[in-house]
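Here's an informal walk through this fold, from the sheet to the core and on to a couple of single residues. Have the viewer open as you read.

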Amino acid sequence: MPAVLCVVGRSGCQAVIEGIVRELTAKGVRVATVIDAGARPPMPSEAAAAYLSAGSEMTIVRAPGIIASVRRSEDDPSLDELIWEMRDDYDLVVADGFERSSFLKLEVHRANEGDLICHKNELLAIVGDKPDGVDVPSFPHDDFARIAD
């Protein structure tokens, strides 16, 4: 099973995920992304296209009653090839949203947004403005190399 990193926040998550995906794929890490679209229509998804463009090999979009997956491809595979390709393994899955999941989270936070979404025990780190009293690592919004490490 691949490692999972949930990125949550009220704003700025897409840019952080794109940066992390670029950094990790440049290091040879095979990354897939998952988007919790909530009530938003999942297709076409600007975030899915952005994550694929950043280097994610596959993006799965979840919305109520719908699961859609999108993959990058350099060729035009046959149906048989597509079916075999569905079983690829990934090193890391980066999840956009999923605040209620049991996985550790990277919260994108700005001071003017109020309290954190997650409890401090659920956090791996904070990207942006770290509130007082939260003892987890924090990173600037655009320091993707350090976040990816």
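Helices (H or I, at least four residues) and strands (E, at least two) are DSSP runs, numbered from the N terminus. This is a predicted model, where local features need pLDDT of at least 70, side-chain atom pairs count only at pLDDT 80 or more, and totals for chains, interfaces and linings use all residues. Residues are numbered from 1 along each chain as its sequence is written, and side-chain values use heavy atoms, with hydrogens and water left out.

**The sheet**

Start with the sheet: eight strands make up an open one with mixed pairing, in the order E4-E3-E2-E5-E1-E6-E7-E8. Two strands count as paired if DSSP finds at least two bridges between them. Strand E4 (66-71) and strand E8 (138-139) are at the edges with a single partner strand each, so one side of each has no neighbour in the sheet.

Here are three of the parallel pairings, each with one bridge picked out.

| Strand pair | Bridges | Example bridge partners |
|---|---|---|
| E1 and E5, parallel | five bridges | Leu-5 and Val-94 |
| E2 and E5, parallel | five bridges | Ile-35 and Asp-96 |
| E2 and E3, parallel | five bridges | Val-34 and Ile-60 |

**Helices on the sheet**

Which strands does H1 touch? H1 packs on the sheet against E1, strand E2 (31-36), E5, strand E6 (105-109) and strand E7 (123-128). Contact here means heavy atoms within 4.5 Å. The direction of H1 makes about 150 degrees with that of E1; axes are lines fitted to C-alpha atoms, for helices over the stretch in contact, and angles run from 0 to 180 degrees between N-to-C directions. Helix H2 (residues 46-54) also packs on the sheet, touching E2, strand E3 (58-63), E4 and E5, and its direction makes about 165 degrees with that of E3.

H1 itself has 14 residues and reaches 20 Å from first C-alpha to last, close to the expected 20 Å (1.5 Å times one less than the number of residues). Its buried residues include Val-16, Ile-17, Ile-20 and Leu-24, and also Glu-18. Buried means under 20% relative accessible area, exposed over 50%, and partly exposed in between (1.4 Å probe, protein chains only). Just after H1, Gly-28 takes a positive phi of about 90 degrees.

**The cores**

A nonpolar core is a set of buried Ala, Val, Leu, Ile, Met, Phe, Trp, Tyr and Cys residues joined through side-chain atoms within 4.5 Å. The largest one has 26 residues, and Val-7, Val-16, Ile-20 and Leu-106 touch the most other members. Helix H1 (residues 13-26) gives the most to this core, with six residues. Leaving out residues up to four places away in sequence, Ile-20 touches Leu-5, Leu-106, Phe-144, Ile-147 and Ala-148. There's also a second, separate core of eight residues, with Cys-6, Ala-32, Val-34 and Val-93 among them. In soluble globular proteins, nonpolar side chains tend to be buried together.

**Two residues to click on**

Is Ile-35 buried or exposed? Ile-35 sits in strand E2 and is buried, at a relative accessible area of 2%. That goes with a mostly covered strand: five of the six residues in E2 are buried. Ile-35 and Ala-68 are 33 residues apart in sequence, yet 9.8 Å apart in space, C-alpha to C-alpha.

For contrast, go to the loop between E7 and E8, where you'll find Asp-135. Asp-135 is exposed, with a relative accessible area of 74%. Asp-135 and Leu-123 are twelve residues apart in sequence and 9.4 Å apart in space, C-alpha to C-alpha.
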